[in-house]
Amino acid sequence: MSSSKLPPLTYKVVAECSVSKARAGLMTLRHSEVRTPVFMPVGTQGTMKGILPDQLIELDCQILLGNTYHLGLRPGIETLQKAGGLHKFMSWPRAILTDSGGFQMVSLLQLAEIDEHGVNFRSPFDNSECMLTPEHSMQIQNAIGADIMMQLDDVVKTTTTGPRVEEAMERTIRWVDRCIKAHTRDDEQSLFPIVQGGLEIPLRERCVSALMERQVRGFAVGGLSGGESKHDFWRMVHVCTDHLPRDKPRYLMGVGFAADLVVCVALGIDMFDCVFPTRTARFGCALVDSGQMNLKQQKYKHDMEPIDKQCNCNTCKRYTRSYLHHIATNESVSCSLLSVHNVAYQLRLMRSMREAVQADAFPQFVKNFMARHFGSEPIPSWIREALAAVNIELPPDAQEEQAVNS
């Protein structure tokens, strides 16, 4: 059978942790194979801030994310169609996932009005009006040509309570049917519905159940990582992965802190995205296992070590902390050098988790990572609770051990 006759997305679970819900998988898309768990760097408008496509390929990035709302405004559908899609337009040969524009309902709420028809935005660029409906979101994403597309969902702030949460969840289910009907390239692009329901377990369960009735190739978990407590955050992820099907990929939207990634892989998530690695690079910060290294600090002025001796990215192979301190936030190239390292860090972390799952050594990986990440600081209780829920018990902190022994 020729590749064009195969589904545009296939997913196979390669290995599963014998203790937690972590798994390693292989997702085959039109433009590349993607090994999961995977982190997707965010290239909002068809460009990664500070990184060229060739550099992403060198880092073995298999998939990145674009933003439907912003790409629909600039460069627009006509230009994308004329270019032959976003892959050709930005010279990126591997896979692309696009969000639907729904998140902008929250981030640009002062510019948007929401009703059953769709979302009426006022452009932050020229103040013109733009109606984003499920059908128009599909039209833009079909023009983009993304390997994986998101449905347009009704997004509310994670701290919202009351009937608006259920209204948004029910509307999201209705809108996915409109997206499926409007999707014109199902033989080339895969559409993921998005699980909503706020911080209410019954709503999340109802939404998962309803979305699983649709013929789709994967699922996204949305409406989290937006200011809710971490205790609520992990429980919503946990309940979603408990009910989502084993044989399809699970994408948790907007999550990118290293500890969160490790916990959510343990909870059964396969795919992540976040602007964090490149955004924090613009503030002169490098990602390391212990958290963030703020290279603007004076203690790095004469430090001739690389950011991380274990990192093989070009930044770590060629530049010292002292040099990066010298240029951090003062020279535009510093953003590029730190972005390369930060994306490399995220991708290496995901690769390490995949390898640990395949070796059935994931619980020990988690314990080692948390020890490095928090050092002498106490591990947050939400992390302990989340990992305990999937049978990974972290050793007690020094303070806890001292209290027990006293």
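This note walks through a few local features of the predicted model above.

1. First, the ground rules. The model is predicted, so local features need pLDDT of at least 70 and side-chain atom pairs count only at pLDDT 80 or more, while totals for chains, interfaces and linings use all residues. Residues are numbered from 1 along each chain as its sequence is written, and side-chain values use heavy atoms, with hydrogens and water left out.

2. Let me start with the annotated site. UniProt, in an unreviewed entry, places the feature "active site" at Asp99 and Asp273; positions are in the numbering used here, feature names are shortened, and such annotations may be inferred rather than shown by experiment. The two span 175 residues in sequence, yet no two of their C-alpha atoms are more than 10.3 Å apart, so they gather at one spot.

3. Asp99 lies in strand β6 (residues 95-99); helices (H or I, at least four residues) and strands (E, at least two) are DSSP runs, numbered from the N terminus. Asp99 is buried at a relative accessible area of 11%, where buried means under 20%, exposed over 50% and partly exposed in between (1.4 Å probe, protein chains only). Beyond residues up to four places away in sequence, Asp99 touches Gly66, Asn67, Thr68, Gln141, Met150 and Met253, a contact being heavy atoms within 4.5 Å.

4. Its partner in the annotation, Asp273, sits in strand β15 (residues 271-274) and is buried too, with a relative accessible area of 9%. Leaving aside neighbours within four places in sequence, Asp273 has contacts that include Phe39, Leu65, Tyr251 and Met253. Met253 also appears among the contacts of Asp99.

5. Now for a helix pair. The axes of α6 (residues 134-144) and α7 (residues 163-182) come within 8 Å and cross at roughly 45°; axes are lines fitted to C-alpha atoms, for helices over the stretch in contact, and angles run from 0 to 180 degrees between N-to-C directions. That makes α6 oblique to α7, given that angles under 35 degrees count as roughly parallel, over 145 as roughly antiparallel, 65 to 115 as roughly perpendicular and the rest as oblique. From α6 the contact draws on Pro134, Glu135, Met138 and Asn142, and from α7 on Trp175, Arg178, Cys179 and Ala182.

6. The backbone deserves a look as well. Most residues other than glycine have a negative phi, and most peptide bonds are trans. Here, a cis peptide bond joins Thr36 and Pro37, with omega about 5°, and Pro37 lies in the loop between β3 (33-36) and β4 (38-41). Another cis bond joins Arg74 and Pro75, with omega about 15°; Pro75 is in the loop between α2 (68-73) and α3 (77-83).

7. Please also check the positive phi values. Asp60 has phi near 65°, is found in the loop between α1 (53-58) and β5 (63-67), and counts as partly exposed at 33% relative accessibility. Ser91, with phi near 55°, lies in the loop between α4 (86-89) and β6 and counts as exposed at 53%. Asn391, just after α16, takes a positive phi of about 70°.

8. One last spot to visit is Ser322, in helix α13 (residues 321-327). Ser322 is buried, with a relative accessible area of 11%. Not counting residues up to four places away in sequence, Ser322 touches Tyr300, Lys301, His302, Asp303 and Met304.
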